[in-house]
Amino acid sequence: MGVWFAVLGPVEIAVDGRVLAAPPRQRALLARLLIDAGRVHSLERLIEEIWGLDRPATARAQIHAALTGVRHVLREAGAEQVLRTETGGYVAQIAAGQFDLGEFTRRAAAGRDLAASDPHAAIAELRAALGLWRGQALADLESAYVPDMRAGLDDRRLATVEELMELELSLGAHERLLDELLALVAANPLREKLSGQLMLALHRAGRQTDALATARDFRVRLAEEQGLEPRAAFSELEQAVLRDDSRLRLPEAAAVAQIPTVAQTTAPAARRANFLPYDLPDFAGRDGELARLAGECAAADEPISAIDGMAGSGKTTLAVRVAHLLADRYPDGQLFIDLQGHTAGHAPVEAAAALEILLRQLGIAVEDIPAAAADRGALWRAELGRRRVIVVLDNAIDAAQVRPLLPAPAPSSRVLVTSRRRLVDLDAVRALSVEPLPAREAMRLFASIVGERAAAADIAVLDVVQLCGFLPLAVRIAGARLVHRPRWTVEYLAGRLRDERRRLAELSLGVRGVAAAFALSYEQLDPDQRRMFRCLGTHPGRDIDPHAAAALAAMPLERAEELLEELLDGHVVLQREPGRYTLHDLLREYARDLAAAEDTLDSRAAASIRLLDYYLHSMRAAVELQSYCVGFQQREVPAPAVAPMSFADAADAAGWLDAEYENLLAALGFAAEHGQHAHARDLANALRPYFDLQFRHVDAIDAYTVELHAAQALTDRDGEAAALINLGWVGWRQGDFERATGYSQRALDISRETGSGLFEARALNTLGNVARRRRDYGLAERYLLRSLELARAAGTRFGEANVLGNLGAVLAAMGRDDEACAHLDQALALQRESGTRFGEVMALQQLGLVSLRRNEFDRSRACYTQAVDLCRVLRNRGDEAVARNGLGAAARGAGELTEALAEHTAALALATEAGHRLEQAKAHEGLARTHRDLGAPDLARPHAEAARRYYEQLGLDAPNGSLPVE
């Protein structure tokens, strides 16, 4: 409590927790003095700090007034001694514990000092220091000094964050830090150290592919935005991740390192017989799993560990490796039994038989083993209670088979259970689900089998293990095939595996094969589970939710979800996020082959139609809920064969569209590939609003090309015109005006031939926009006037509003401002009347442009600011770039050059992300002109050259004559 000054967020002066009111100028002045506490600032320097080069004539008077106001606020706070007048200017003097920046500096320094001696205390200090930040430093100020000061303070914050991450990573907290690091890198993509720390955390969490993707993303962004390469330390870390360098290993892997290796273990004379299978000498990876299991075996609370995973994931190999490594801890015996839960031609071993085998392994004479299963169980538990043994119960079918074989609570023995199913109803068990290997570990396993042929073929080896789905069994079989084919190269093997029709056949060696392992899991399923599994094999996307699965399998939602969860427990499907299910790549191929063999062609076709219907009608329902696309015309389609998805509100619908986007594209491709032309046409057209708003232009071109071919196959002339219009519009959005003109002209010819005024209006609207960009305003006006007439005749208020907005922009460019404003005001009113937020953005941008031309900078900024706010709601990065460039131009016109730089910089980032080349050109042009106005020709020149290059690519001349280079 007491007086508290804060700049690490909105600037505040508080007394006993109560924030005192002060105008922005006063807070800006006080914040500047506080940040340099103890240093005298002259009046001239303060003027420069507040206004930069754009000082008003009354600057001295305004500074004196602001200082008087600051003194008044300080008196109210009881801290008038903070601001003092000295020879040469003004100085702030502040006591310890009163200033958030001072406390941040102190606690961060304390954390650094403690790092070597007490890392946990250091982490606490660094976290406390960072906890003082309440958002962006100087968040509510706009004075000239603020951007550079804010950037410097933020750099100090990020440096402290990096120190904190370094310390926490050194203590093995990578799993807990992942979400935090992902957010930090997303917010600071050019921060090399943060990207390196994320890469290390991902690698230690067993996500090597993601770690390498992080490195690649950083390299690409750094090259594109700064033309630079990462520093040597980053490149060395990247190479170490690729090599799986032992220096990067998990801190907890030390627990494994302390366990004797198999080669170091020698059996004491008193040890009972070892019944463990052979420990594979080429065992690779699984350091994290080994460390965890070793730690569990050292704990005394729960004596049972269950290892589950899909067929071929290496569960038995892992359990046997752990049992061998820990053998010295259990000198009374190492036991193993295959319970044959998933063994071809064998029934699961019953409890009585399993207990007899295990008791005999303990050395109990056959005549001393009771006949009854219950008595055998009692003897088994008694023996385990007085011995130290480790037992591997391999290949269990379910919990019921395992339960009679478990020891009494808290014994001195340890049991490892492996199963293809999650033993969810087994009490007091630590469960470990085994995933496929990380990429580098799979490569290491393959190389350990193949030898020299893998040494110089890293890329090909990665191809092979990726085609094996990083599944240990598949990798081992692929390696063994290469060993027995001395004339094959790794590249040749990869080529054979790329053929999906023969991949499972390639991954077979004698009676041992991936398909054979999968077959055992499939045979354990009941009929409904088998049918669902086969249906999943026919799904074209990468994952599926219960609603789509219900449509595909023609069953109630509740039953579909129940079956998916059962398949998940049996490790037949995977789950990367709640509510979504996927198949391992090899299991997908196996399921697809099963569907072709066991289901009729008609039943598979009916399932596909149900799925396409579900996606089409669900997507249309989701799109119609979005107020950004009110008025987008959807063609009539037949009623769905299954119930589509229903949505609670627009946000629910938007979330569904984002989650299902890749599946919708996959469904579109599937429909095109399998001759479902009507579905292909309608799916592509239904995606139009989403493509447009999210600037998914590359995907849109592919989809609209499918739409065009489908319409032509159906001899649907209106559908053909619609597809051409869509292709023309996306060409316009990308700045490819030649393509936009060609497609739109073809659409215009067809729409006139068929008499479709609506399609003719849409084609003319695109042509008018192209003519406007080419500055042929007379032609643009003629196109748009005719488009407006046709839109009104067709009764499309959305189309009318769009054309009015475009026409207003043309009239403004021709200097007919009054007419332009009338059209634009009418367009904005129509868009708001219909609740069409996307159209409202367009109208606001055009009004902002007209106001800018008329030097009405306040009105222009107001329009563009509203457009930015709407774009953020709509997640429309491309059109936000348009509005940001408008704000930059308006700020430059008003003389706010620092703000202009910030807005054009933001626009450039958004336009680059969205692939909006025209706005990239405009952003570079705005930055060039602003730097020129600031007297910085060296900074202006590269932006001018970039702008000129973009305009040339678009076939446009730079507006307003030559770009500034001097």
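Is Arg191 buried or exposed? Arg191 is buried, at a relative accessible area of 18%; buried means under 20%, exposed over 50% and partly exposed in between, with a 1.4 Å probe and protein chains only. The views below come from a predicted model, in which local features need pLDDT of at least 70, side-chain atom pairs count only at pLDDT 80 or more, and totals for chains, interfaces and linings use all residues. Residues are numbered from 1 along each chain as its sequence is written, and side-chain values use heavy atoms, with hydrogens and water left out.

**View 1. Asp155 and Arg191 meet in a salt bridge.** Their N to O distance is 2.5 Å. A salt bridge is a side-chain nitrogen of Lys or Arg within 4 Å of a carboxyl oxygen of Asp or Glu. Asp155 sits in helix α6 (residues 146-170) and Arg191 in the loop between α7 (174-187) and α8 (192-204), so the pair ties together parts 36 residues apart in sequence. Helices here are DSSP runs of H or I with at least four residues, strands are runs of E with at least two, and both are numbered from the N terminus. Asp155 is partly exposed, at 39% relative accessibility.

**View 2. Arg854 and Asp818 form a salt bridge.** Here the closest N and O atoms are 3.7 Å apart. Arg854 belongs to the loop between α39 (837-853) and α40 (857-874), while Asp818 belongs to helix α38 (residues 817-834); the pair links distant parts of the chain, 36 residues apart. Arg854 is partly exposed, with a relative accessible area of 30%, and Asp818 is exposed, at 60%.

**View 3. Asp938 and Arg941 pair within one helix.** Both lie in helix α44 (residues 937-953), 3 residues apart, or about one turn of the helix. The closest N and O atoms of their salt bridge are 3.4 Å apart. Asp938 is exposed, with a relative accessible area of 61%, and Arg941 is partly exposed, at 29%.

**View 4. Five residues share a network of salt bridges.** The linked residues are Arg32, Asp36, Arg39, Arg45 and Glu49. In total, the structure holds 70 salt bridges.

**View 5. An open sheet of 5 strands pairs in parallel.** The strand order is β7-β8-β9-β6-β10, where two strands pair if DSSP finds at least two bridges between them. β7 (334-338) and β10 (430-434) are the edge strands with a single partner each, so one side of each has no neighbour in the sheet. The twist averages 15° from one strand to the next; axes are lines fitted to C-alpha atoms, for helices over the stretch in contact, and angles run from 0 to 180 degrees between N-to-C directions. β7 pairs with β8 (residues 390-396) over 5 bridges, and the bridge partner of Asp338 is Asp394 in β8.

**View 6. Helix α13 lies across the strands of the sheet.** Helix α13 (residues 315-325) crosses β6 (304-309), β7, β8, β9 (414-419) and β10, running at about 165° to β9. Helix α14 (residues 351-361) touches β7 and β8, and its direction makes about 155° with that of β7. Contact means heavy atoms within 4.5 Å.

**View 7. Helices α39 and α41 meet at a crossing of roughly 20°.** The axes of α39 and α41 (residues 877-893) come within 10 Å. The two helices are therefore roughly parallel, a label for angles under 35 degrees. Residues meeting here include Phe838 and Leu852 in α39, and Asp879 and Ala890 in α41.

Notes. Parallel < 35°, antiparallel > 145°, perpendicular 65-115°, else oblique.
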